[in-house]
Amino acid sequence: MRDITVFSGSAHPELAEEICAHLGTPLHPVQINRFANDVLEVQLQANCRERDVFLIQPLVPPTQEHLVELLLMLDAARGASAARITVVLPHYAYARSDKKDAPRISIGARLVADLMVAAGASRVLAMTLHSPQVHGFFSVPVDHLHALRELAAHFRRYDLSNTVVVSPDLGNAKEAAHFARLLGTGVAMGAKQRFSDDRVVISSVIGEVEGKDVIVLDDEIAKGSTVIELLDRLRDRGVRSVRVACTHGLFSGGAVERLGSLPEVLEIVCTNTVPPPKPSDKLTVLSIAPALAEAMRRIHDGESVSALFSTS
């Protein structure tokens, strides 16, 4: 593609390479140096002058390290006279810090959005932000994709005549309802209360799930505590089988093993917005590289990105 230049930080170079393969453009190298005082320095090793520059970097652990890499890449591209700089953000970890729900806490999603814009971002291409309001924290245009089509295409291979989609909480209910429409199934949801990062209580499940094949849909799974709590309630309600699906499969602290050890869980499905965990018999990883590549092409060519979802 003419006049497009793509770089990747160190967070997920495999995804960046796959995106560039779909675009038919090279992934240009980035040199990252660390000085004796632990300070990072970034050099973009390709011409950026008057180019449409895309910087691919999900914010995954070590999150702060990868954030600083991204900010330095933005500054380098702006200093190299890039015509436009688009941050391709497959996973925005700070999106979970989207509201002030306790005294004297920071709203990290807004602060980090401001940092990216201050460093030189012209626009952002994101995948499945944690909540709708995060979109509005950016003062530059944001194209917000979701992975529901990719997930739905996978689950359509199964017999869905006795299936219901279950959201772990009310916050994800709209996405779950959309997913259920794509699959032609019913929808249910959990009544969740969060007490800390790894302690949640789901008091009940709203909807008909008895004897059903359940697909649990969440935007992100980290430690898996929410899903495990939900599975306890679903077990009490006598569901027949469970498949777990999410966009961002962080799976920290052995979450895949804990979920996979439950006999009612037949499959765990995620996308490759973040580096996938080690392989597991029950884990299926879907690629969102084609969707991100097509969105990048449309941004570059000045075409509609929302049209990607016009049939969803």
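How many helices and strands does the secondary structure of the protein chain come to? I counted 8 helices and 15 strands. I note at the start that this is a predicted model.

**Entry: overall form**

I looked up the radius of gyration of the protein chain and found 20 Å. A compact globule with 312 residues would have a value near 20 Å, so the chain agrees with that rule. I then took the box along the principal axes, which the C-alpha atoms fill at roughly 60 × 45 × 35 Å. I also checked contacts with a separation of 6 or more, and 65% of them join residues 24 or more positions apart.

**Entry: surface and charge**

I found that the protein chain exposes about 13800 Å². Carbon and sulfur atoms supply 51% of that area. Of the 312 residues, 51% count as buried. For the charges, I listed 32 positive and 37 negative side chains. The centres of these two sets lie 3 Å apart.

**Entry: the cores**

I had this general point in mind: in soluble globular proteins, nonpolar side chains tend to be buried together. I therefore turned to the cores in this chain, starting from that tendency.

Which residues have the most contacts inside the largest nonpolar core? They are Leu70, Leu74, Tyr92, Met116 and Phe138, in a core of 33 residues. I then asked which elements each supply at least two residues of this core. The helices are H2 (63-79) and H3 (108-119). The strands are E4 (40-44), E5 (52-56), E6 (84-89) and E7 (123-127). Helix H2 gives the largest share of this core, 6 residues.

Apart from this core I found another, of 26 residues. Cys246, Leu262, Val265 and Cys270 are among them.

I went back to Phe138 in the largest core and left aside its neighbours within four places in sequence. Phe138 is in contact with Tyr92, Ala113, Met116 and Val124.

**Entry: Val209**

Where does Val209 lie? I found Val209 in the loop between strand E11 (199-206) and strand E12 (213-221). Is Val209 buried or exposed? Its relative accessibility is 0%, and buried means under 20%, so Val209 counts as buried.

I then looked up what Val209 touches, not counting residues up to four places away in sequence. The list is Val164, Val166, Ala188, Leu234, Arg237 and Val239.

Last, I checked Val209 against Leu266, which is 57 residues apart from Val209 in sequence. In space, the two are 17 Å apart, C-alpha to C-alpha.

Note on methods:
Residues numbered from 1 in each chain as written. Predicted model: local features only at pLDDT ≥ 70, side-chain atom pairs only at ≥ 80, totals over all residues. Heavy atoms only, no water. Core = buried A, V, L, I, M, F, W, Y, C linked by side-chain atoms within 4.5 Å. Buried < 20%, exposed > 50% of the residue type's maximum accessible area, 1.4 Å probe, protein only. Helix = DSSP H or I, 4+ residues; strand = E, 2+ residues; numbered from the N terminus. Contact = heavy atoms within 4.5 Å. Rg over C-alpha atoms; globule rule 2.2 N^0.38 Å. Areas by Shrake-Rupley, 256 points an atom, 1.4 Å probe, with all protein chains shown as cover. Lys, Arg positive; Asp, Glu negative; His and termini not counted. Charge placed at Lys NZ, Arg CZ, Asp CG, Glu CD.
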